[in-house]
Amino acid sequence: MKVPPIAVLVTGDPVPATRDRLGGYLELIRAMAPGFAGAPWQAHDARALDVLPDLTDALAVIITGSALSLTEPQPWMRRASERLAALVRRETPTLGICFGHQLLGHALGGRVALNPRGREMGTVRYEALLPDPVLGPAGSWPVNATHLDSVVELPPGATVLGTTALEPHAAVRFGPAAWGVQFHPEIDGAVMREFIAARRPALVGEGVDVAQLEQGVRDAPDAAALIERFLHVAGQLRLRRAG
């Protein structure tokens, strides 16, 4: 029997230092799911495709981060939003990461705008409000984040799963099989430092103490684990649909 693929909808690239060292977001995400190393992974670059594949037969769909903003819309973003709304309606297991989280929120009727609390960057504390099969039990743990925009108004039916000091919608369940996280579970401490280095001029311009920010960076294994949990949940949901 053919094994369904894990589809990664690519919407952006890591900073050059990370891309040169480790590859794109597909490689970063796949590295955090060693239990699925033998599964078929497929990357679909949403920026370059006039017609996105259906993807409803995928084991799961993961939407990557991006340095782009929905406040400056491009035609491909509309096409991707339409596809994501259809996937959520069909209950195809879907996970949005950072920009992917925002794209999901936008696709389902929410509003994305510049975060009124300002840029969130570095290793920050995530506070789980509710236990969840993908996000894990209630509690608190570090996550790595880098974003300017946020889903400032949630779409109908969305449930907030967790927050950070600057992000009230840090993790959201958008539907029975759809999740979004504003942080980056695929980013470890070394990659986070590369992102900070790439954003240094902007951070200095905003008055951020970059040295102090770098000192606070660390790995975030509890966040990283959610990628593999999501794929396990996706497999369970697929079996239920098949049954």
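Let's start with tryptophan 179, which counts as buried because its relative accessibility is 0%, under the 20% cut-off. This tryptophan lies in strand S11. Keep in mind that you are looking at a predicted model. Now look for histidine 101: tryptophan 179 and histidine 101 are 78 residues apart along the chain, yet their C-alpha atoms are separated by 7.7 Å.

Next, step over to helix H4, which covers residues 99–107. How many of its nine residues are buried? Eight of them are, so H4 is mostly covered, taking buried to mean under 20% relative accessible area. Histidine 101, our partner from a moment ago, is one of the buried ones, along with Phe99, Gly100, Gln102, Leu103, Leu104, Gly105 and Ala107. Just after the helix, glycine 109 takes a positive phi of about 110 degrees.

Let's zoom in on leucine 104, which lies in H4. Its relative accessible area is 0%, so leucine 104 is buried. Who does it touch? Leaving aside its neighbours within four places in sequence, leucine 104 is in contact with Ile63, Leu84, Val88, Thr94, Leu95, Gly96, Phe174 and Trp179. So there is tryptophan 179 again, on the contact list of leucine 104. For a longer jump, try glycine 207: it is 103 residues from leucine 104 in sequence and 32 Å away in space, C-alpha to C-alpha.

Now for the nonpolar cores. The largest one has 38 residues, and those with the most contacts inside it are Trp41, Tyr126, Leu135, Trp179, Phe183 and Leu231. Several elements give two or more residues to this core: strand S1 (6–10), helix H2 (25–31), strand S3 (60–63), strand S4 (94–97), S6, S7, strand S11 (178–181) and helix H8 (221–242). Which element gives the most? That's H8, with eight residues. Leucine 231 touches Ile6, Ala33, Phe36, Trp41, Ala60 and Ile62, not counting residues up to four places away in sequence. Apart from this core lies another one, of 24 residues, among them Ala58, Trp76, Leu87 and Ala107. You have met Ala107 already, as one of the buried residues of H4.

Two residues with many core contacts, Tyr126 and Phe183, also turn up when we look at aromatic rings. Tyr126, Trp141 and Phe183 form one aromatic cluster. The structure holds four aromatic pairs. One of them joins tyrosine 126 and tryptophan 141, with 5.2 Å centre to centre and 45 degrees between the planes, which makes the pair tilted. Why does this pair tie together separate parts of the chain? Tyrosine 126 lies in strand S6 (residues 120–128) and tryptophan 141 in strand S7 (residues 139–147), so the pair links parts that are 15 residues apart in sequence. Both tyrosine 126 and tryptophan 141 are buried.

Strand S7 also takes us to the largest pocket. About 330 Å³ of space lies in this pocket. It is lined by 19 residues, and the closest to its centre are Ser66, Ala67, Leu68, His147 and Leu148. H4 and S7 each supply at least two residues of the lining. What kinds of residues make up that lining? They divide into eight nonpolar, seven polar and four charged.

Two of those central lining residues, His147 and Leu148, lead us to asparagine 115. Not counting neighbours within four places in sequence, asparagine 115 is in contact with His147, Leu148, Asp149, Ser150, Leu166 and Glu167. Its place is the loop between strand S5 (111–114) and S6. Is asparagine 115 buried or exposed? At 4% relative accessibility, it counts as buried.

Let's finish with two loop residues that have a positive phi without being glycine. Leucine 55 has a phi near 70 degrees, and it sits in the loop between strand S2 (41–45) and S3. Its relative accessible area is 9%, so leucine 55 is buried. Glutamate 91 has a phi near 60 degrees, and you can find it in the loop between helix H3 (75–89) and S4. With a relative accessible area of 37%, glutamate 91 is partly exposed.

Conventions. Residues numbered from 1 in each chain as written. Predicted model: local features only at pLDDT ≥ 70, side-chain atom pairs only at ≥ 80, totals over all residues. Heavy atoms only, no water. Phe/Tyr/Trp six-rings, centres within 6.5 Å; stacked < 30°, edge-to-face > 60°. Helix = DSSP H or I, 4+ residues; strand = E, 2+ residues; numbered from the N terminus. Buried < 20%, exposed > 50% of the residue type's maximum accessible area, 1.4 Å probe, protein only. Contact = heavy atoms within 4.5 Å. 1 Å grid on protein atoms, 1.4 Å probe; cavity = no way out; pocket = protein on both sides within 12 Å on 5 of 7 lines; lining within 4 Å. Points joined across faces, edges and corners; volume = space filled by probe spheres on them. Nonpolar A, V, L, I, M, F, W, Y, C, P; charged D, E, K, R; others polar. Core = buried A, V, L, I, M, F, W, Y, C linked by side-chain atoms within 4.5 Å.
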